[in-house]
Amino acid sequence: MSHPFVFACVTPHGLPILEELSGDEPDLMAKTRQSMQQLGSWMHEAAPDTLIVLTPHGLKIEGMFSVSTSSFMAGEMSEQTVAMMVGDERPDKGVTLHFKRSVDRDLANAMVTGAKAQSIPVAAANFATTQGPFSTLPLDWGAMVPLYFMPNVPIVVITPSRSLSYDDHLAMGRIIAQQVRQSGKRVGLIASCDWSHAHDARGPYGFHENAKALDTQVIELFKTNALEQMTSFSDAFIHHAKPDGIWQTLMLAGAIPEASRKSTFLSYEVPTYFGMMCVAYHAS
């Protein structure tokens, strides 16, 4: 059976991918920026009604998948945000980008209902009021960076929990696909993933040789559509390499079975301390 998404992709979320936030190094992530523009072009061509974003940096609820069911989500990014991530305390300057998106609450609530029906730990997250303009949750950079390149349509944002099993993440992916199929909507799927964060001793997480080793293996798994094999990585291997993409990728793997993965590997680069990959999954 073909997967139910009009287009899906794995994207990174380093803020300097956006040229406005690249400061005096506009070419720093130019390779990835070009790939993101291609992914955005393909998503625009697919014309989704809704975008589902799987992000590691959203509302984290220990031991549960977090599904944003608020009326809206909003956030902002600036050069100061970039500086804070690397411990730079310089005063803010330059451009601030503001994002606000409406939430596809029907689809979001269907995800919650579907997960509960299969005993998958899940929480429906809202804020302030039941609905309306005050019902607005924060939109994190893991969502905002890929959404910058995508159509401005309603979203559903889901954040995994690393304390849940890999099988739970695969199962949640299957639930996502099931609910999308039942909705009858044209839906795009984005797994927002940066990879190992220990490539550079000058980075906030230091250097470890596992970073290159893990990313090299992940590239091969993407190219061979063997995403489920990430479940074989040891805890120590992951701890030292410090990726944040495994959990969202396993959700995508559950949502798009191997037989339905018509993929295009676009790029990989490590311009700073973390790895970034861009992969497309076309409708089959």
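Let's start with a hollow: in the second largest pocket of this predicted model, strand β4 gives the largest share of the lining, three residues. Other parts of the chain join in, and β4 (72–78), β7 (136–138), α4 (141–147) and β8 (155–159) each supply at least two lining residues. The pocket's volume is about 190 Å³. Have a look for its centre: of the 16 residues lining this pocket, His57, Gly58, Pro138, Leu139 and Asp140 are the closest to that point. What is the wall made of, sorted by class? Nine of the lining residues are nonpolar, five are polar and two are charged.

A pocket is one kind of empty space, and a cavity is another. Rolling a probe the size of a water molecule over the atoms shows where empty space is left. How many cavities of 30 Å³ or more does a search of the whole structure find? It finds one. The largest cavity has a volume of about 40 Å³, and you can find it by picking out the residues that line it: Pro56, Lys60, Thr159, Pro160, Arg162, Trp247 and Gln248. By class, that makes three nonpolar, two polar and two charged residues.

Now let's move on to helix α6, which runs over residues 210–223. From first C-alpha to last, its 14 residues reach 20 Å, close to the 20 Å expected at 1.5 Å a residue. Which of its residues are buried? They are Asn210, Ala211, Leu214, Asp215, Val218, Ile219, Leu221 and Phe222. If you look down the axis of α6, these buried residues fall within an arc of 165°, so they line one face of the helix. The spacing helps you see the pattern: an α-helix has 3.6 residues a turn, so residues three or four places apart point the same way.

What does the buried side of α6 pack against? Its buried residues pack against two helices, α7 (235–241) and α8 (246–255), and against the strands β1 (7–11), β10 (262–269) and β11 (276–282).

Turn the helix around and you meet Lys212 and Lys223, which are exposed on the other side of α6. Let's stay with Lys223 for a moment. This residue counts as exposed because its relative accessible area is 52%, and the cut-off for exposed is over 50%. The C-alpha atom of Lys223 is 7.9 Å from that of Thr264, though the two residues are 41 apart along the chain. Just after α6 comes one last thing to spot: Asn225 takes a positive phi of about 60°.

Note on methods. Residues numbered from 1 in each chain as written. Predicted model: local features only at pLDDT ≥ 70, side-chain atom pairs only at ≥ 80, totals over all residues. Heavy atoms only, no water. Helix = DSSP H or I, 4+ residues; strand = E, 2+ residues; numbered from the N terminus. Expected span 1.5 Å × (residues − 1). Buried < 20%, exposed > 50% of the residue type's maximum accessible area, 1.4 Å probe, protein only. Arc of directions from axis to C-beta. Contact = heavy atoms within 4.5 Å. 1 Å grid on protein atoms, 1.4 Å probe; cavity = no way out; pocket = protein on both sides within 12 Å on 5 of 7 lines; lining within 4 Å. Points joined across faces, edges and corners; volume = space filled by probe spheres on them. Nonpolar A, V, L, I, M, F, W, Y, C, P; charged D, E, K, R; others polar.
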